[in-house]
Amino acid sequence: GLIISVFLSLLLAKTMIAPIQDLTRAAEKVAGGDFTGKVDNESKDEIGVLTRTFNDMAVQLEDTLSDLKKSEQMRREFVASVKSYAETLEGEPEMPEETRQRFLGVILNESDRMTKIVQDLLTLSRFDAGSIEFSFDYFSFEKSVKDVYNATRMEAQAHGHEFSLELEIPLPKIRGDKARVEQVLMNMVSNAIKYTKDGGRISMTAGWKDSEVWCTVKDNGIGIPQEDAAKVFDRFYRVDKARSRESGGTGLGLSIAHEIVVRHGGRIDLQSRLGKGTRITVWLPVEGPKDA
């Protein structure tokens with residue numbers, strides 16, 4: 001009986017200690033900056049729960065570190081750009097006035113872009129922390145679509161775009177945060193205007209089916225390579241950095257839009273072909289998210 005007891009004790013100890021040792025080794029790797037090691041443990045006990053929690057934490061830490069690196073890269077780009085133009089202005093006092101004004105304009109534009117980056121980062125940080133409160137109530141989705149169209153029509157016309165709106169009326173009222181939903185629609189249209197060459201075509205359509213409303217913005221702009229289309233909702237992702245900088249893009253607008261749509265229990269999809277244009281559609285449940 002004593003031998004059996006000792007054997008069972010050793011077996012039990014090994015069963016409990018082995019996963020803890022695996023967690024310890026994985027934690028040491030994470031502390032060293034290696035997030036690739038995932039601990040496998042599908043048990044339902046406390047050790048299994050701890051293992052899965054650790055794996056989730058490692059993924060979140062890796063994502064956070066990646067965002068920080070991308071943020072630092074954007075900061076360096078901003079500083080390098082502003083410093084370069086400022087040094088040129090300082091070093092060439094005889095610079096033509098037209099060139100001087102153009103350089104000052106670039107510095108101001110870069111400053112505005114950095115301000116927007118900081119604001120977008122704060123918004124995403126609040127999303128991650130769960131500190132953004134949504135005000136869910138019933139509102140006219142049809143009116144919101146029309147308001148966004150009217151608010152962006154002059155900007156589209158300034159670029160010579162043919163901008164149309166088509167609605168499957170009547171559209172039902174939906175339950176959601178009106179300001180946030182309009183923010184998503186505004187982002188969709190603004191991107192279409194930015195990334196479509198002057199004199200292009202942009203259409204905005206909306207309708208509803210079953211228990212969802214939808215809105216699509218389609219353009220014949222520069223488009224996105226197929227391999228990049230799935231990444232456009234990633235934070236800081238910019239298909240063309242030079243063009244994004246020129247248009248004031250931060251690589252965060254679609255990430256914020258995606259967060260808002262998900263919090264509403266909806267989904268957002270983007271289809272694009274390089275040189276052919278982009279089509280982006282958002283679906284929102286009429287009754288809003290179940291946990292609102």
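This is a short chat about reading a sheet, the helices packed on it, and one serine.

Visitor: What kind of model is this, and how are residues numbered?
Guide: It's a predicted model, where local features need pLDDT of at least 70, side-chain atom pairs count only at pLDDT 80 or more, and totals for chains, interfaces and linings use all residues. Residues are numbered from 1 along each chain as its sequence is written, and side-chain values use heavy atoms, with hydrogens and water left out.

Visitor: In what order do the five strands sit in the sheet?
Guide: Strands are DSSP runs of E, at least two residues, and helices are runs of H or I, at least four, numbered from the N terminus. Two strands pair if DSSP finds at least two bridges between them. Here the open sheet reads β2-β4-β5-β7-β6, with mixed pairing. Its edge strands, β2 (162-167) and β6 (267-273), each pair on one side only.

Visitor: How many bridges join β5 to β7?
Guide: Eight, and β5 (212-219) runs antiparallel to β7 (277-285). Look for Val 217 opposite Ile 280 in β7.

Visitor: Which strands does helix α4 touch?
Guide: Contact means heavy atoms within 4.5 Å. Helix α4 (141-158) packs on the sheet, touching β2, β4 (201-209), β5 and β7.

Visitor: Is Ser 144 buried or exposed?
Guide: Buried means under 20% relative accessible area, exposed over 50%, partly exposed in between (1.4 Å probe, protein chains only). Ser 144, found in helix α4, counts as buried because its relative accessibility is 0%. Leaving aside residues up to four places away in sequence, Ser 144 touches Phe 139, Lys 178, Glu 182 and Leu 185.

Terms used:
Axes are lines fitted to C-alpha atoms, for helices over the stretch in contact, and angles run from 0 to 180 degrees between N-to-C directions.
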